[in-house]
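Here is a small set of exercises to work through with the model open beside you. Try each task first, then follow the solution step by step.

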Amino acid sequence: MKEQLEALRAEAQEQLRECVDSAGVEALRVRYLGKKGQLTALLRGMGALSPEERPKMGALVNQARSEIEAALEEKIRALKQEELNRRLQEEQLDVTVPGVSAPIGKKHPLTQVLDEIKDIFLGMGFQIASGPEVELDYYNFEALNMPKNHPARDTQDTFYITDNILLRTQTSPMQVRVMEKQKPPIKIIAPGRVYRSDEVDATHSPLFHQIEGLVVDKGIRMSDLKGTLELFAKRLYGEEAVVRFRPHHFSFTEPSAEMDIRCFSCGGKGCRLCKGEGWIEILGAGMVHPKVLQGCGIDPAEYSGFAFGMGLERIVMRRFNIDDLRLFFENDVRFLEQF
Ligand code: PHE
């Protein structure tokens with residue numbers, strides 16, 4: 001029996017040496033130490049021994065058992081260490097290798113210029129207002145002194161949702177919304193999307209952007225309008241910018257005007273950019289119509305104001321020399337990257 005035990009021990013050590021992974025070690029543990037293992041079988045065979053031999057043999061078997069156990073533990077530890085060393089080798093991380101930079105986006109050209117325009121007006125003490133793009137007929141037309149039969153209401157130009165609800169065709173309804181809520185002094189700009197049912201081409205889009213402006217207070221005059229807008233033009237286009245005002249008609253301002261900027265390409269002589277005019281139209285403006293003030297509960301005998309509205313796309317097209325408005329909305333990164 002002693003010999004058997006010796007052989008078993010030697011065999012276990014031998015097999016353990018050849019073992020290459022933890023699954024193999026586990027199999028050996030079961031083979032030698034398990035309930036149906038060989039050492040257990042030996043212990044069971046001890047019944048055949050004499051009472052004197054039994055404790056001696058028992059001690060030997062237990063000794064062999066703990067030796068094998070220790071050897072198994074040692075093997076497991078060695079395998080783990082080996083594994084760790086291998087991974088440390090294989091998964092070496094070189095922290096000095098330059099990183100892979102994630103591409104960073106940039107602001108859309110429309111947003112860039114809008115931010116600039118906002119800054120200019122914020123610098124002049126204006127606040128920024130915003131309101132719904134799905135608008136009531138009342139705010140888009142009626143309250144702006146455009147009664148039901150007014151040509152600007154032509155359904156060809158307006159996306160109607162119901163008889164009373166439409167997509168705003170201009171940011172001017174914000175004049176009324178602000179005046180209803182806020183009493184003078186008022187000094188706001190309201191940038192936002194507007195909609196007209198135009199066919200898409202190089203200069204038309206059913207969705208575009210306007211920036212509305214409104215100033216109402218005691219003693220606001222046409223000279224305030226001119227001074228403010230001329231200053232704006234110089235901030236946006238540079239000190240050398242020259243502007244002119246032409247009479248125009250808007251139902252919600254009286255008098256009304258359009259502001260042109262002298263063509264910065266030809267200096268006023270006339271060229272392709274200004275279509276031979278020498279001047280480029282920038283915005284519409286005027287003194288807020290007394291009817292509009294009254295409709296908002298502001299007494300036109302006490303207060304007066306001016307309003308203006310400009311198209312963002314046209315301003316950005318001129319700024320960056322972009323000749324097709326569709327490019328703004330296609331969002332081709334090769335185009336957007338250039339600004
Ligand atoms: N809303 C006008 C337009 O879309 C522009 C405008 C705004 C004119 C404010 C006068 C005052 O053409």
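**Exercise 1.** How far is a nitrogen atom of the ligand from an N or O atom in the side chain of Ser 172?

*Solution.* Before we start, a word on the material: this is a predicted model, in which local features need pLDDT of at least 70 and side-chain atom pairs count only at pLDDT 80 or more, while totals for chains, interfaces and linings use all residues. Residues are numbered from 1 along each chain as its sequence is written, and side-chain values use heavy atoms, with hydrogens and water left out.

Step 1: find Ser 172 and look for the ligand nitrogen; the distance is 2.8 Å. This is a polar contact (a pair of N or O atoms within 3.5 Å).

Step 2: move to Gln 210, where a polar side-chain atom lies 3.0 Å from an oxygen atom of the ligand.

Step 3: at Arg 196, a side-chain N or O atom is 3.2 Å from a ligand oxygen. The protein covers 88% of the 320 Å² of accessible area that the ligand has on its own (Shrake-Rupley method, 1.4 Å probe).

**Exercise 2.** Describe the shell around the ligand by residue class and by strand.

*Solution.* Step 1: count the residues. There are 14 around the ligand, and the closest include Gln 170 and Glu 212 (a residue belongs here if one of its heavy atoms lies within 4 Å).

Step 2: sort them. Five are nonpolar, seven polar and two charged; Gly counts as polar in this scheme, and Tyr as nonpolar.

Step 3: trace them to strands (DSSP runs of E, at least two residues; helices are runs of H or I, at least four). Strands E5 (207-217), E8 (279-288) and E9 (304-311) each supply at least two residues, and E9 gives the largest share, with three.

**Exercise 3.** Which residues line the largest cavity?

*Solution.* Step 1: the search finds one cavity of 30 Å³ or more. A cavity is a set of points on a 1 Å grid over the protein atoms alone where a 1.4 Å probe fits but cannot get out, and lining residues have an atom within 4 Å of a point. The volume is the space filled by probe spheres set on the points, and here it is about 30 Å³.

Step 2: the lining consists of Ala 12, Leu 16, Leu 28, Tyr 32, Ile 68 and Leu 72. The six are nonpolar, with no polar and no charged residues.

Step 3: helices H1 (2-18), H2 (22-33) and H4 (53-90) each supply at least two of them.

**Exercise 4.** Locate three unusual spots in the backbone.

*Solution.* Step 1: the peptide bond from Pro 184 to Pro 185 is cis, with omega near 5°; Pro 185 sits in the loop between helix H7 (173-181) and strand E4 (186-195).

Step 2: another cis bond joins Glu 254 and Pro 255, with omega about -5°, and Pro 255 is in strand E7.

Step 3: Asn 321 is not a glycine, yet its phi is positive, about 60°. Asn 321 is in the loop between helices H10 (312-320) and H11 (326-330).

Definitions and conventions. On a 1 Å grid over the protein atoms alone, a cavity is a set of points where a 1.4 Å probe fits but cannot get out, and a pocket is an open set with protein on both sides within 12 Å along at least five of seven lines; lining residues have an atom within 4 Å of a point. A polar contact is a pair of N or O atoms within 3.5 Å; within protein, one must be able to donate a hydrogen and the other to accept it, and residues adjacent in sequence count only if both atoms are side-chain atoms.
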